[in-house]
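Trainee: Could you take one part of this protein and go through it with me slowly? I would like to see how a single helix sits among the parts around it.

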Amino acid sequence: MPRHFLKIKDLTKKEFYDIFKNASELKTEKKSGKQRSTLEGKSIGLVFEKSSTRTRVSFEVAIYDLGANSLYMNPGDMQLGRGETIGDTAKILSSYLHGIILRTYEQERIEEFAEYSSVPVINALTDLEHPTQIVSDLFTIVEKGIDLENMKMAYIGDGNNIVNSFIGASAILGFKLSIAAPKEYEPDFKALSDRGKAECPNVEILNDPQKAAVGADVLYTDVWVSMGQENETAKRKKTLKPYQVNKGLLSHAKSDVLVMHCLPAHRGEEITSDVADGPNSIIFNQAENKLHVGKAVLEMFMKD
């Protein structure tokens, strides 16, 4: 049976650090003009039912850099779940390919796909989780010299798939995660594990962004209206307005706090431009590292 990467909890603590080490080596090699051919002769499919810039391009370049062939498939080119079952599509694609990177809607959709796939499936975002993004973000934090086990992260804004994956990572790595979200947009712990919040002893929900930011090593935010929530745009912008990451909020965190955003950023909404472009921001380091961490993830799950 192939090993899939569908949730952040599919990784062990050791595997997080194995990926960080390998990503660092891959980044050094890339910048010195060296390439590995560890996936030479393989074909990897990218099935993206939601639009993407960074995740798609970084994975396509990662596949190319590792010597494999990539095939991009959008929903308009396929019959996934529309006249053909997800299971049938998974069986057929995995008979052609050596691995599949899937970006879709419900978590149940990727889990059903993986159940029928005979090759590794990697989650490139669902409504519940975005595990490859979070591994890349944590690598970026480590790269900046922060010890994850002694870190406090403050997540400010919508309790979406990003914060869900950080909650899972906190349970594995032990960092403190303070979440400031409106009550109606708090993360759903029951959707993440059978034991709910009991499995996440280092996670707290304060609702108040200033209290969450106190003493934070990292301030993280994301868009207020994710893909598929466009019909709630006006309501979300009004409710989440007090949760903007701006200079006033930064003043409550450590002076050298790292500011992160997985992009795309809606400047003037969840984050102000002076913070996104300011000296504390590592937003574009995050974006770059998706390439190097993407390679390390591909090597871990698809090399053999």
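Mentor: What follows is a close look at one helix and its packing, followed by the nonpolar cores and one loop residue. Please keep in mind throughout that this is a predicted model.

The helix to look at is α1, which covers residues 13-31, and its axis comes within 8 Å of the axis of helix α12, residues 283-302, with the two crossing at roughly 120°. An angle of that size makes α1 oblique to α12, and the crossing of these two helices is right-handed. On the side of α1 the contact is made by E15, D18, I19, N22, A23, L26, K27, K30 and K31, while α12 brings a list of residues that includes E288, L291, H292, V293, K295 and M300. Sorted by class, the residues of this contact are 8 nonpolar, 3 polar and 8 charged.

Helix α1 also packs against helix α5, residues 131-143, at an angle of about 70° and with the axes 10 Å apart. At that angle α1 and α5 are roughly perpendicular to each other. Here F16, I19, F20, A23, S24 and K27 of α1 meet V135, L138, F139, V142 and E143 of α5, and by class this contact has 8 nonpolar, 1 polar and 2 charged residues.

One residue of α5 deserves a second look, namely L138, which, once its neighbours within four places in sequence are left aside, is in contact with F16, F20, L148, M151, F166, A169, L173 and F175. In soluble globular proteins, nonpolar side chains tend to be buried together. In this model the largest nonpolar core has 59 residues, and L138 is listed with I101 and L298 as having the most contacts inside it. Helix α12 gives the most to this core, with 7 residues. There is also a second, separate core of 23 residues, with A180, L249, A276 and I283 among them.

To finish, we can turn to a residue in a loop, S117, whose place is between α4 (107-116) and β4 (121-123). With a relative accessibility of 4%, S117 counts as buried. Not counting residues up to four places away in sequence, S117 touches P2, H4, A90, S94 and I100. By contrast, S117 and G145 lie 28 residues apart in sequence and 39 Å apart in space, taken from C-alpha to C-alpha.

Key: Residues numbered from 1 in each chain as written. Predicted model: local features only at pLDDT ≥ 70, side-chain atom pairs only at ≥ 80, totals over all residues. Heavy atoms only, no water. Axes fitted to C-alpha atoms, helices over the stretch in contact; angles between N-to-C directions. Helix = DSSP H or I, 4+ residues; strand = E, 2+ residues; numbered from the N terminus. Parallel < 35°, antiparallel > 145°, perpendicular 65-115°, else oblique. Left-handed = near helix turned anticlockwise from the far one by under 90°. Contact = heavy atoms within 4.5 Å. Nonpolar A, V, L, I, M, F, W, Y, C, P; charged D, E, K, R; others polar. Core = buried A, V, L, I, M, F, W, Y, C linked by side-chain atoms within 4.5 Å. Buried < 20%, exposed > 50% of the residue type's maximum accessible area, 1.4 Å probe, protein only.
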